[in-house]
Amino acid sequence: MKKLLALLMALAILCTSVVAFATETTEGTENQNVAIQTEGEAPTEGEEPTEGEEPTEGEEPTEGETPTEGEEPTEGETPTEGEEPTEGEEPTEGEEPTEGEEPTEGEEPTEGEEPTEGEEPTEGEEPTEGETPTEGEEPTEGEEPAEDNTECAPHVPGEKDEARSVAPTCTKDGIDWFTCTECGSLFSVTVPATGHKDVEPAQTKVTKEPTCTEEGELTHYGCANCDVESWTTVIEKVPHTYGDVEVQEPTCTENRKNIRTCTVCGHVEETEEEGTALGHIYTEQDVNLLPSCTEPGTSGTANVCDRCGDIEEGTLDNVVELPVLDHQAWLEANQEAYFYTVEYDENDNVIAVTVNDAIEEGRTENYMSEIEDENGTLGSLSTDYTAATCTADGHIAVVCNECGAKIEQVIPALGHDVQILEAQQAGQTIHDCTKADSILFGCVREGCNYMYNQAFEPADEHTFIKDANIVGYKQRKAADSEPVSYPFEEIATCHDYYVTVECDVDFCDVTHDFLVEGTGEHNANGDYIIYVEPTCTETGRELYNCAECGYYQDVTVEALGHTELAFVKVLVEPTCTEAGVRLVECTREGCDYTEEQAIPALGHHWVVTSTEADCLKGIVGRTIRTCSQCGASEVLEENAGHKVGTLVAHKDATCTEDGSESYWCSICHRLVTETIEALDHDWEEVNTIPATCATGKESGTIHEFECTRCDAEKSEVDDDMPAGHTMYSEVDGLNHFVIKTLPTCESTGLASYVCSVCGELIEDLELPAISHNTEVTFNEETGAYELTCVTLEKTETGRLKDLLMNAGYEEMVADAVIAQMTQGSSANFAGIGCDYVEAIEIRNTEYTITGSGNRGKIELKEGCQPIKGGVAYVRITWRYTQANGDTVSFVATRTVDDEGTFKLSGLSVPSGWTCDFIYAEVVSNPDADELGFGEYATYGSAAL
């Protein structure tokens, strides 16, 4: 019994030592991978093999270990004979892990087991996720060792870990392990398989002969690098064996072709002689495929090639697709092929039939083979037709000669077609409903003699309806001196035009012209006299004659703005509390604009922790949040731990004063008094005093508030003071707007109005001068376009509105000016059309501008036309940096001599200034910098 107790005590002491050693080892090897081999395995680097084993080359036993028989035990251990201790542990005598068991943390699993997380697998095993394989092992696909720092990407390879790396084979990729020089982590790189290699001498055999359509196969026997018995490679196809060349003559669309055919496999090779296609010869022809009782058809017109029958794309017109004819159903559904219309009364009685003009009375032959309408040529049909007269019914029947299908219809008597035969009033050529007239009426149908005479009393006035009885259209385009009659499809809707309508009173032929204002949406059609593209910061210009109405248009194109900003780099990294700064740049070509933009602060990433309070022990409970990024922390709540018991006293909080509550703590039985924070005011708006533009009023809208809980009051003032008086009323539009002096294209006008906000009468409001109504002509002698201001007819109110809007008028003011200007008997607008003439010289020229010393030179680029007439000028811009760092620019215009040179110097600047650049541009006259017409040439630059 004593021996047994002594043995148990010894075992207990031994277990305590082993646990202590395991803990120490675990702590000393944290974040390291330690491999301990089981019995029969090769020891890891630094170990001494067990009895009968040869240690791996270069290995020595781990410091401090004492192996089983034949090994040296780990320092501090004395394993029982025959045992193999696990890492940090000494098993009892004769123990080994049971097969299939999973060893505890730090143990080496026996053969066939799967190690737990963080263990080193035995030989031949694959490590689980996060493990580092032992020497010669390959980690599971897609996994990296636990040490791999994925935040470091890409890794920078350092020293190669030869022990971990696995060489590739013929068929399997290898893997190399490296230590990253940036973060110190291990990472792997796949090494591709090497592929098989012939033995020396090579042993091969063609196992499949190649042809001109299939690859062959070469079998290799034996590999110099592995023990594979055989492997195959591909033999390329052999070339085709072609016969004689056959020539395929060209067609309208295909070039002449030379064709060769392989005599072995039949493969065809074609080569074309470029440019030998004949091309189509199109003429307009009917395109018909006639339907019948059994076959469908189509009908239309198109441009058809006389050579090949090809239909030119986009010319097929009036196409009708006809299904196979069930003649009876087809004839009933398509009577309009024979009767244009059949009209019925409310009782379904036929009251009128209009017959196809191609159907002749009494004709019974196969006429339909010659008749083509929107349904095409309709086949073998015959007709029995008797025309109706003014007083007698007619009859029509259509029969299919092939299937007997038939439709027929009685044609009601036509009734007389009464028209005016003669006007009795002397000299009257147009019937006027406002004048007395006697008119002879009669039936105008052939063979009918019905007629009568009727007198008419004059009407009070004509009845003209704008959208009814239209008989024509008229318009004055830029090239016309007065309105001209045009078909409606030729009317330019962008400009004013007239609709001519006839009086709605029967037999009155008097007409009236209604004015229709143009839309103002003009069309350059890509043909610009001057076109300057806008940039991010500079406006562009479109100068053109409208392709529809011909009038000159001068349009300013708004600057594009820097809308395409792209990220360049981060200038200041953001923190939890401070915003960062990044640099962006405009990506539009030719723009070097950059801008610094704020990067929002990252904000804290709070992690909340809490401790419980204990009022008996005086421990205060706290809820604290700490930022996981920067370490900042703050106390969210402190709790002394008291628990509300019997309430002793209570004082309500007010808007401005704290309240309180006292109670006995049910835990520590002490009197506790807690503060109730003041409520703050609950403001409610009770009055609003709007801002005005009255004299002496300096504040904006005033808002007055009262607290709903107490008697407190306050007021707030908005910063919304009106910028000035306004002439507009929400109800009436312009508020008492009176024009005193009308503007012209050379002088301003005057008007007055009553301010709709403060009611003050505003006198002498200046109305801008109206834009010139210019027409553009080209002067062949000077090579310049001349803009001349011409008179404007009163009927062209749409054009006048365009000119006013171009001059900066608001639409309501423009309408008021137009209404005033249309009064009076003159046919033209007074003050529109003056002596204004502007010459714009256009130069089909590109220049290179250089400079040196005191002279600059313009050199014409190759292939460009010289300047057309006149004297050339150069506008030069100098930019200097002053001594204090500020910049200043100077502009001067120079005359260019016959040799293309000009004076480059001439500005006197203070000492200490430096010249940054000189920019020179070709212009048409010395004042060109005031015109703003944009580019006239490709500009160069020169330097002092």
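## A pairing in strand 35

Let's start with one pair of residues: N639 of strand 35 is the bridge partner of G621. The model we are looking at is predicted. G621 belongs to strand 34 (residues 621-627), which pairs with strand 35 (residues 633-639) in the antiparallel sense over six bridges.

The hairpin of these two strands has five residues between them, and G631 takes a positive phi near 85° there. On its other pairing, strand 34 joins strand 33 (residues 606-611), again in the antiparallel sense and over six bridges. Here T609 stands opposite I624 of strand 34.

## The chain as a whole

Stepping back, the secondary structure comes to four helices and 56 strands. The chain has 944 residues, and 32% of them count as buried. About 57,100 Å² is exposed, with carbon and sulfur atoms supplying 47% of that area.

How do the contacts spread along the sequence? Taking contacts between residues at least 6 apart, 43% join residues at least 24 apart.

## The largest nonpolar core

In soluble globular proteins, nonpolar side chains tend to be buried together. The largest nonpolar core here holds 21 residues, and those touching the most other members are F737, L767, L800, L804, V813 and V817. Two or more residues each come from strand 45 (749-754), strand 46 (761-767), helix 3 (797-806) and helix 4 (811-821). Helix 4 gives the most, with five residues.

V817 is a good place to zoom in. Beyond its neighbours within four places in sequence, V817 is in contact with I739, L742, P743, L767, L804 and Y809. A second, separate core has 18 residues, including F339, L381, C400 and I407.

## Helix 4 and its buried side

Which residues of helix 4 are buried? They are V813, A814, V817, I818 and M821. These residues lie on the same side of helix 4 because they cover an arc of only 140° around the axis.

And what do the buried residues of helix 4 pack against? Their partners are helix 3 and four strands named here one by one: strand 42 (728-729), strand 43 (733-734), strand 44 (738-741) and strand 46. Helix 3 and strand 46 also appear among the elements that give two or more residues to the largest core, so a look at V817 ties the picture together nicely: V817 is one of the buried residues of helix 4, and its contacts include L767 and L804.

Terms used:
Residues are numbered from 1 along each chain as its sequence is written. This is a predicted model: local features need pLDDT of at least 70, side-chain atom pairs count only at pLDDT 80 or more; totals for chains, interfaces and linings use all residues. Side-chain values use heavy atoms; hydrogens and water are left out. Buried means under 20% relative accessible area, exposed over 50%, partly exposed in between (1.4 Å probe, protein chains only). Contact means heavy atoms within 4.5 Å. Accessible areas come from the Shrake-Rupley method with a 1.4 Å probe; for residues, only the protein chains shown count as cover. A nonpolar core is a set of buried Ala, Val, Leu, Ile, Met, Phe, Trp, Tyr and Cys residues joined through side-chain atoms within 4.5 Å. The arc is that of the directions from the helix axis to the C-beta atoms. Two strands pair if DSSP finds at least two bridges between them.
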